[in-house]
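Please open the structure in your viewer and keep the selection tool at hand. The tour below proceeds stop by stop, indicating what to select and what is to be found there.

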Amino acid sequence: MPKFFFHIRTGGGQLLKDTEGQEFASLQEVENDAMASAKEILAEGLLAGKPVFTGDAFEIFDQSNVLVLEFPFSRAAEKPGARP
């Protein structure tokens with residue numbers, strides 16, 4: 001199965017790299033996981049009383065270091081989806 005890396009691009013432009021990656025069978029699975037992960041990050045921030053960074057985004061790269069998906073956290077805040 002191909003491996004994908006979920007880097008986070010902050011609203012301030014900093015790139016936080018995922019050095020481990022995860023294996024997924026399809027790009028649809030990658031997008032579903034991005035939705036659930038973004039929801040979880042946003043929810044944890046809200047529950048902790050911290051600012052919510054809806055300007056952050058996942059920049060998801062494949063194992064060949066090719067950008068395959070950009071997933072803004074704001075998209076997860078606005079759309080229904082699976083619970084984290």
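**First stop: the largest pocket**

The largest pocket encloses about 170 Å³ of space; please bear in mind throughout that the model is predicted. To display its lining, select Ile 8, Thr 10, Leu 16, Ile 41, Leu 42, Gly 45, Lys 50, Pro 51, Val 52, Phe 53, Asp 56 and Phe 73. Then colour helix α1, which spans residues 27-47: with 3 residues, this helix gives the most to the lining.

**Second stop: the salt bridges**

Side chains of opposite charge can pair when their charged atoms come close. How many salt bridges does the structure hold? There are 2 salt bridges in the structure.

For one of them, select Arg 9 and Glu 59, whose side chains meet at 3.0 Å, N to O. This pair links distant parts of the chain, as Arg 9 belongs to strand β1 (residues 3-9) and Glu 59 to strand β4, 50 residues apart. A surface display may be added here. Arg 9 is partly exposed, at 27% relative accessibility, whereas Glu 59 is buried, with a relative accessible area of 12%.

Next, select Glu 31 and Arg 75, whose side chains form a salt bridge at 2.1 Å, N to O. Glu 31 is part of helix α1 and Arg 75 of helix α2 (residues 73-78), so this pair ties together parts of the chain that are 44 residues apart in sequence. Glu 31 counts as partly exposed at 23% relative accessibility, and Arg 75 is likewise partly exposed, with a relative accessible area of 25%.

**Third stop: Asp 62**

Return to strand β4 and select Asp 62. Which side chain of opposite charge is nearest to Asp 62? It is that of Lys 17, 12 Å away; Asp 62 is buried yet has no salt bridge. Since a salt bridge requires a side-chain nitrogen of Lys or Arg within 4 Å of a carboxyl oxygen, the cut-off is 4 Å.

Now show the backbone of Ser 64: its nitrogen lies 2.9 Å from a polar atom of the Asp 62 side chain. To see the surroundings, add Lys 3, Phe 4, Phe 5 and Val 68, which Asp 62 touches when residues up to four places away in sequence are not counted.

**Last stop: Asn 65**

Finally, move to the loop between β4 (57-62) and β5 (67-72) and select Asn 65. Although Asn 65 is not a glycine, its phi is positive, at about 65°. Is this residue buried or exposed? Asn 65 is exposed, with a relative accessible area of 58%.

Terms used
Residues numbered from 1 in each chain as written. Predicted model: local features only at pLDDT ≥ 70, side-chain atom pairs only at ≥ 80, totals over all residues. Heavy atoms only, no water. Helix = DSSP H or I, 4+ residues; strand = E, 2+ residues; numbered from the N terminus. Buried < 20%, exposed > 50% of the residue type's maximum accessible area, 1.4 Å probe, protein only. Lys, Arg positive; Asp, Glu negative; His and termini not counted. Polar contact = N/O pair within 3.5 Å; in protein donor to acceptor, adjacent residues only side chain to side chain. Contact = heavy atoms within 4.5 Å. 1 Å grid on protein atoms, 1.4 Å probe; cavity = no way out; pocket = protein on both sides within 12 Å on 5 of 7 lines; lining within 4 Å. Points joined across faces, edges and corners; volume = space filled by probe spheres on them.
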